[in-house]
Amino acid sequence: MENKRLSQKPGSSRQKKVAVINDMTGFGRCALAVALPVISKLKVQCCPVPTAILSNHTAYPSCYFDDYTEHMEAYIGEWKKLDLTFDGIGTGFLGSRRQIAIVKEFIQNFCREDTIVMVDPIMGDNGKAYATYTKDMCAEMKLLAACGDIVTPNVTEGCILADMPYHEGTWKEGELLFMAERIAETGPGKVVITGIPQGSYIGNFCYDKTDGKGSTKYVLKRTKQVGASRCGTGDIFSSIILADAVNKVELEQSVKRAADFIKDCIRESIRMEVPLTDGVCFEEVLHRLKV
């Protein structure tokens with residue numbers, strides 16, 4: 001994509017704002033329902049662009065689902081009339097090639113030169129792409145990820161983006177570095193490979209080639225695993241990374257505190273006996289997030 005950045009200078013004293021493109025799920029603590037409070041707590045205005053409306057997420061036995069694709073362009077068109085731009089743009093789950101195309105156009109229309117674009121390329125998990133993510137859809141997501149400044153795939157999604165085979169078991173640091181380098185070659189300066197199983201730990205691999213000194217930094221950050229996997233933790237993670245990025249928090253520091261915050265959320269959810277499908281009761285510990 002050419003000329004994605006608009007050369008408009010931001011005011012130095014105004015509040016920062018980000019656009020988050022994701023679905024709105026009423027129950028289950030995920031997507032926009034998580035992004036709005038978490039990003040707001042970090043003193044950044046969160047402006048949602050809904051891709052779908054769900055009564056609850058799809059891990060429950062049934063849900064009401066309203067695809068918002070047909071309304072997205074009209075919705076975004078009103079923002080064009082307001083001549084909006086954003087300090088950051090974040091993307092979550094996208095359900096079709098058309099939605100990906102709309103998001104690419106959104107980036108072209110609403111970026112300034114200094115806007116940070118974060119793509120969470122939600123395509124699959126546990127070594128398999130989701131049913132909706134055909135080869136064509138995965139190819140389109142690769143093109144969208146190339147438009148990002150920060151990309152936050154899990155290991156499965158990292159393999160898809162880097163054209164690498166997936167394997168079970170422990171991932172070595174050299175493999176993760178190769179994966180991050182392959183992804184970064186397409187455009188993103190920062191890559192965070194998330195949720196890497198490391199025995200009794202969970203790892204996040206941070207890769208940063210944008211320190212301005214011509215060198216590349218990378219590190220595998222490990223956090224002791226607590227409890228079972230829960231819905232919405234990836235959305236909390238990406239929300240913190242996006243808000244921190246526009247607040248100019250260093251990537252490695254941001255990843256560590258996002259992982260620590262999620263661990264606190266899970267501990268509190270276990271204490272309160274919150275069902276796994278209900279996500280994490282982040283509300284109980286939200287006060288611990290500081291700018």
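**View 1. The largest nonpolar core and its best-connected members.** In this predicted model, the largest nonpolar core holds 47 residues. Within this core, F106, M179, I193 and F205 touch the most other members. F106 contacts A19, I21, V49, I76, W79, F86 and I89, leaving out residues up to four places away in sequence. Another core lies apart from it and has 36 residues. Among them are V192, V246, L251 and I266. In soluble globular proteins, nonpolar side chains tend to be buried together.

**View 2. The open sheet from edge to edge.** The sheet is built from 9 strands with mixed pairing. Their order is β3-β2-β1-β4-β5-β8-β9-β10-β11. The edge strands are β3 (65-67) and β11 (217-224). Each of these pairs on one side only.

**View 3. Strands β10 and β11 side by side.** Strand β10 covers residues 201-208 and runs antiparallel to β11. The two are joined by 8 bridges. One residue pair to look for is N204 with its bridge partner in β11, K221.

**View 4. Helices α6 and α3 against the strands.** Helix α6 (residues 173-184) packs on the sheet. Its contacts there are with β9 (190-198), β10 and β11. The direction of α6 makes about 40° with that of β10. Helix α3 spans residues 97-110. It lies across β1 (17-27), β2 (45-56), β3, β4 (86-91) and β5 (111-119). Relative to β5, α3 runs at about 150°.

**View 5. M123 in its loop.** M123 sits in the loop between β5 and β6 (124-125). Is M123 buried or exposed? M123 counts as buried because its relative accessibility is 0%, and the cut-off for buried is under 20%. Leaving aside neighbours within four places in sequence, M123 contacts A129, Y130, Y133, C138, M141, E157, I160 and L161. T223 is 100 residues from M123 along the chain. Their C-alpha atoms are 24 Å apart.

**View 6. The packing of helices α7 and α8.** Helix α7 takes in residues 233-246, and helix α8 takes in residues 251-271. They pack at an angle of about 145°. Their axes are 9 Å apart. The crossing is right-handed. From α7, the residues in contact are T233, I236, F237, I240, I241 and D244. From α8, they are L251, S254, V255, R257, A258, A259, F261 and I262. By class, this contact has 10 nonpolar, 2 polar and 2 charged residues.

Conventions:
Residues are numbered from 1 along each chain as its sequence is written. This is a predicted model: local features need pLDDT of at least 70, side-chain atom pairs count only at pLDDT 80 or more; totals for chains, interfaces and linings use all residues. Side-chain values use heavy atoms; hydrogens and water are left out. Axes are lines fitted to C-alpha atoms, for helices over the stretch in contact, and angles run from 0 to 180 degrees between N-to-C directions. Helices (H or I, at least four residues) and strands (E, at least two) are DSSP runs, numbered from the N terminus. A crossing is left-handed if the near helix is turned anticlockwise from the far one by less than a right angle, and right-handed if clockwise. Contact means heavy atoms within 4.5 Å. Ala, Val, Leu, Ile, Met, Phe, Trp, Tyr, Cys and Pro count as nonpolar, Asp, Glu, Lys and Arg as charged, and the others, Gly among them, as polar. A nonpolar core is a set of buried Ala, Val, Leu, Ile, Met, Phe, Trp, Tyr and Cys residues joined through side-chain atoms within 4.5 Å. Buried means under 20% relative accessible area, exposed over 50%, partly exposed in between (1.4 Å probe, protein chains only). Two strands pair if DSSP finds at least two bridges between them.
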